[in-house]
Amino acid sequence: MLFSRLNYLRSHMSSHHTIIVEQKIDAFTNNHVHGAVKTYLATRINTNMHQRLRVSSMDEKEISSKKDFSNNGYESQQMVHSFEVRFDKKHKEKALNSYLPFIVSTAKVIKDHERSLQLYTNEYSEWSPVNLHHPSTFDTLAINQKLKQSIIDDLNKFMKRKDYYKRIGKAWKRGYLLYGPPGTGKSSLVAAIANHLRFYIYDLELTGVATNSDLRRFLTGMTNRSILVVEDIDCSIEMNQREESGSNPTYKENEEHKVTLSGLLNFVDGLWSTCGEGKIIIFTTNYKERLDPALLRPGRMDMHIHMGYCTPESFRILANNYHSVKYHATYPKIEKLIKEVMVTPAEVAEVLTRNDDSDVAFHDLVNLLESKMKDAHEIDTGHKDKRRKVDEKKDDITGDEMKTLTIARN
């Protein structure tokens, strides 16, 4: 009793306050603040050295509330793990209203960064997840450095603007269109974005969605801070549905039985787009010109990213990725050829992976590029021969024949 009174007086006479964050070892529920403190401190100190049994001064009522009584009347103190922070009384408001919330929010960011990524695909009427272990990052991505940095800057800016979007009355989301030939790294860029943001990916196969209602159910079932991906968007939905809706008498009936462009746009930029927050929407296509302009405007696809053929810069990234080589005697020849022929990063990567010997791999790449150069020259020569023959016969053919040859020539 005497010690309790002394502790009580000491706590009230002290110029300091102490906050104790504890977790009962055998508790059925977790103290999320204790978990947050543990996560936060783990990035700064070795918590095993500082985690201990609870040591604190409490009054008699507090002590009695912590006691457990066994059948034989003896007291047993419940074991807890705890952390404590001690500070001057004048900082009480700052500690409670700023410091602890800061720890909780920081711990959430740490956990989000460390969480295992998931790739979801739509099967039947629900999302089906698998663990995502794609190694692509912005460091390994074989695209122009200036373009790469602009994407990173845009993503980082988006993540910092949650309050800004709320203030201006817009959904916290961002749309990206990735377009270019097959094999130029569109899927790798999606994975790099997911790894950069630590966002789950929801890979939506639109051909597997029967109606707009099913589409709405899938999209509202996504978690916050996630990426919706629709690959080959031009092949996934009828791009002319939107224009034909006013003139086709059976459109309304058909709309009930299939996903429409209008339905998709409503989820990208309509009222349903506000369901959830921190969403990234990515469409990919090999043929940007086939897309409805309504799908491409800012607010839907905010950033259009062209994924082009391999350049000397992207080749060097691939060479370093696959062979850890900064320079090789074949580089001048390879880079000169890459400037003159159309070769995708995927084609270059495939050649570089064939052989562990760098000398062999780079010479094989030279052979591939020279072969492409030869094929391109033969095709160009063939076109010139056809045009010359058309010109030679121009004076000897009828008008109808000339129309046919003109079409063939073009």
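In this predicted model, Q118 sits opposite N131, a residue of strand β7. The two strands concerned, β6 (residues 118-123) and β7, pair in the antiparallel sense, and six bridges join them. In general, the strands of a sheet pair through backbone hydrogen bonds, and the pairing can be parallel or antiparallel.

The β6 and β7 pair belongs to an open sheet of seven strands, in which the order reads β7-β6-β9-β10-β11-β8-β12 and the pairing is mixed. At the edges lie β7 (126-131) and β12 (303-306), each of which pairs on one side only. From one strand to the next, the twist averages 25°. Helix α8, covering residues 186-197, lies across five strands of this sheet, namely β8 (173-179), β9 (200-203), β10 (226-230), β11 (279-285) and β12. Relative to β11, helix α8 runs at about 170°.

It helps to step back for a moment and view the chain as a whole. There are 19 helices and twelve strands in the chain. Of its 410 residues, 37% are buried. Among contacts with a separation of 6 or more, 74% are accounted for by residues that stand 24 or more positions apart. The exposed area of the chain is about 25,000 Å², of which 52% is supplied by carbon and sulfur atoms.

Back at the sheet, the loop that follows β11 on the way to α14 (293-296) holds D292. This aspartate counts as buried because its relative accessible area is 5%, where the cut-off is under 20%. A polar atom of the D292 side chain lies 2.7 Å from the backbone nitrogen of A294.

Turning to charged side chains, a search of the whole structure finds ten salt bridges. One of them joins D302 and R174, with an N to O distance of 3.9 Å. This pair links distant parts of the chain, since D302 is in the loop between α14 and β12 while R174 belongs to strand β8, 128 residues apart. With a relative accessibility of 27%, D302 counts as partly exposed. The pair is also part of a wider arrangement, as D154, R174 and D302 are linked in a network of salt bridges.

A further salt bridge is formed by E347 and K372, whose closest N and O atoms are 3.1 Å apart. Here, too, distant parts of the chain are linked: E347 is in helix α17 (residues 345-352) and K372 in helix α18 (residues 358-393), with their positions 25 residues apart. Both ends of this bridge fall into the intermediate class of accessibility, E347 being partly exposed at a relative accessible area of 28% and K372 being partly exposed at 22%.

E350 takes part in a salt bridge as well, with R354 as its partner and 2.9 Å between the closest N and O atoms. The two residues fall on opposite sides of a class boundary: E350 is partly exposed because its relative accessible area is 40%, whereas R354, at 54% relative accessibility, counts as exposed. The boundary that matters here is 50%, because a residue is classed as exposed over that value.

Conventions: Residues are numbered from 1 along each chain as its sequence is written. This is a predicted model: local features need pLDDT of at least 70, side-chain atom pairs count only at pLDDT 80 or more; totals for chains, interfaces and linings use all residues. Side-chain values use heavy atoms; hydrogens and water are left out. Two strands pair if DSSP finds at least two bridges between them. Helices (H or I, at least four residues) and strands (E, at least two) are DSSP runs, numbered from the N terminus. Axes are lines fitted to C-alpha atoms, for helices over the stretch in contact, and angles run from 0 to 180 degrees between N-to-C directions. Contact means heavy atoms within 4.5 Å. Buried means under 20% relative accessible area, exposed over 50%, partly exposed in between (1.4 Å probe, protein chains only). Accessible areas come from the Shrake-Rupley method with a 1.4 Å probe; for residues, only the protein chains shown count as cover. A polar contact is a pair of N or O atoms within 3.5 Å; within protein, one must be able to donate a hydrogen and the other to accept it, and residues adjacent in sequence count only if both atoms are side-chain atoms. A salt bridge is a side-chain nitrogen of Lys or Arg within 4 Å of a carboxyl oxygen of Asp or Glu.
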